[in-house]
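User: I have a model open and I'm new to it. Could you show me how to read its features one by one?

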Amino acid sequence: MDNLIVAAVILLFVIIFTAVNAFIICGICDEIIALIDNGELNSALALWEDKRLYISLFVRDAEIDAADCAHFTAPNDETAASRFRESICEIRDTERLCFSNVF
């Protein structure tokens, strides 16, 4: 019986950690997207540089690489800026809190 209680508590902590992490990452991505939509691309790129390491701990490498690739060319290329926005949207969509992401 003790093992069941310990397992339930550990599962509860994992679910809470996943939920909190999902809200944090989605909040960061929403902030970056809002900056891009308001025409503040340089601020969005700076925010990505600040938060990239935290996000890369929990997001697949392919999505981080896509955002980084667009990030480096975005200040000089308008299509790269839209690719950067799309990659941030993809990160937000894959990290949102839903049943499949928790389990």
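User: Let's start with Phe84: is Phe84 buried or exposed?

Analyst: This is a predicted model, so keep in mind that every value here is computed from predicted positions. To call a residue buried, we ask whether its relative accessible area is under 20%. Phe84 has 0% relative accessibility, so Phe84 counts as buried.

User: Which residue forms an aromatic pair with Phe84?

Analyst: The general idea is that a pair of aromatic rings is described by the distance of the centres and the angle of the planes. By this rule the chain has 3 aromatic pairs. In one of them, Trp48 and Phe84 sit edge-to-face, with 6.1 Å from centre to centre and 80° between the planes. The two rings come from distant parts of the chain: Trp48 belongs to helix H2 and Phe84 to helix H4, 36 residues apart. Trp48 is also at 0% relative accessibility, so Trp48 counts as buried too.

User: Which residues form an aromatic cluster?

Analyst: Phe17, Tyr54 and Phe58 come together as one aromatic cluster. Have a look at Asn21 while you're there: Asn21 touches Tyr54 and Phe58, leaving out residues up to four places away in sequence. Asn21 lies in helix H1, and its relative accessible area is 7%, so Asn21 counts as buried.

User: Let me step back. How many helices and strands does the protein chain have?

Analyst: The protein chain has 5 helices and 0 strands. Going along the sequence, the pattern reads α-α-α-α-α.

User: How do I check a helix, say H1? What should its 36 residues span?

Analyst: Take the rise of 1.5 Å a residue and compare the expected span with the distance between the end C-alpha atoms. For H1, residues 2-37, the expected span is 52 Å and the end C-alpha atoms are 52 Å apart, so the two agree. You can do it again on H4: 18 residues, 26 Å from the first C-alpha to the last, close to the 26 Å expected. Just past H1, look at Gly39, which follows the helix and has a positive phi, near 85°.

User: Which residues of H1 are buried?

Analyst: Here's the general idea first: an α-helix has 3.6 residues a turn, so residues three or four places apart point the same way. Now try the list for H1. Its buried residues include Ala22, Ile25, Ile28, Cys29, Ile32 and Ile36. The buried residues of H1 pack against helix H2 (41-56) and helix H4 (78-95). On the H4 side of things, the buried residues of H4 include Ala81, Phe84, Ile88, Ile91 and Glu95.

User: Can you zoom in on one of those? What is Ile33 in contact with?

Analyst: Ile33 lies in H1 and is buried, because its relative accessible area is 6%. Setting aside neighbours within four places in sequence, Ile33 is in contact with Arg85, Ile88, Cys89 and Arg92. You can also follow the backbone: the C-alpha atoms of Ile33 and Phe84 are separated by 9.4 Å, though the two residues are 51 apart along the chain.

User: Which residues of the largest nonpolar core touch the most other members?

Analyst: In a core, look for the members with the most neighbours inside it. This core has 20 residues, and Ile32, Trp48, Ile55, Phe84, Ile88 and Ile91 touch the most other members. H1, H2, helix H3 (61-73) and H4 each give two or more residues to the core, and H1 gives the most, with 7 residues. Take Ile55 as a case: beyond four places in sequence, Ile55 touches Ile28, Trp48, Ile64 and Ile91.

User: And Thr18: is Thr18 buried or partly exposed?

Analyst: Thr18 is in H1, and at 21% relative accessibility Thr18 counts as partly exposed, because the buried class stops at under 20%. The side chain of Thr18 reaches the backbone oxygen of Val14 at 2.8 Å. The C-alpha atoms of Thr18 and Phe58 are 9.8 Å apart, with their positions 40 residues apart along the chain.

User: What about the chain as a whole? What share of the residues counts as buried?

Analyst: Of the 103 residues, 32% count as buried. The accessible surface comes to about 6,600 Å², and 62% of that belongs to carbon and sulfur atoms. As for contacts between residues at least 6 apart in sequence, 62% join residues at least 24 apart.

Methods: Residues are numbered from 1 along each chain as its sequence is written. This is a predicted model: local features need pLDDT of at least 70, side-chain atom pairs count only at pLDDT 80 or more; totals for chains, interfaces and linings use all residues. Side-chain values use heavy atoms; hydrogens and water are left out. Helices (H or I, at least four residues) and strands (E, at least two) are DSSP runs, numbered from the N terminus. The expected span of a helix is 1.5 Å times one less than its number of residues. Buried means under 20% relative accessible area, exposed over 50%, partly exposed in between (1.4 Å probe, protein chains only). Contact means heavy atoms within 4.5 Å. Rings of Phe, Tyr and Trp (its six-membered ring) pair if their centres lie within 6.5 Å; planes under 30 degrees apart count as stacked, over 60 as edge-to-face and the rest as tilted. Accessible areas come from the Shrake-Rupley method with a 1.4 Å probe; for residues, only the protein chains shown count as cover. A nonpolar core is a set of buried Ala, Val, Leu, Ile, Met, Phe, Trp, Tyr and Cys residues joined through side-chain atoms within 4.5 Å. A polar contact is a pair of N or O atoms within 3.5 Å; within protein, one must be able to donate a hydrogen and the other to accept it, and residues adjacent in sequence count only if both atoms are side-chain atoms.
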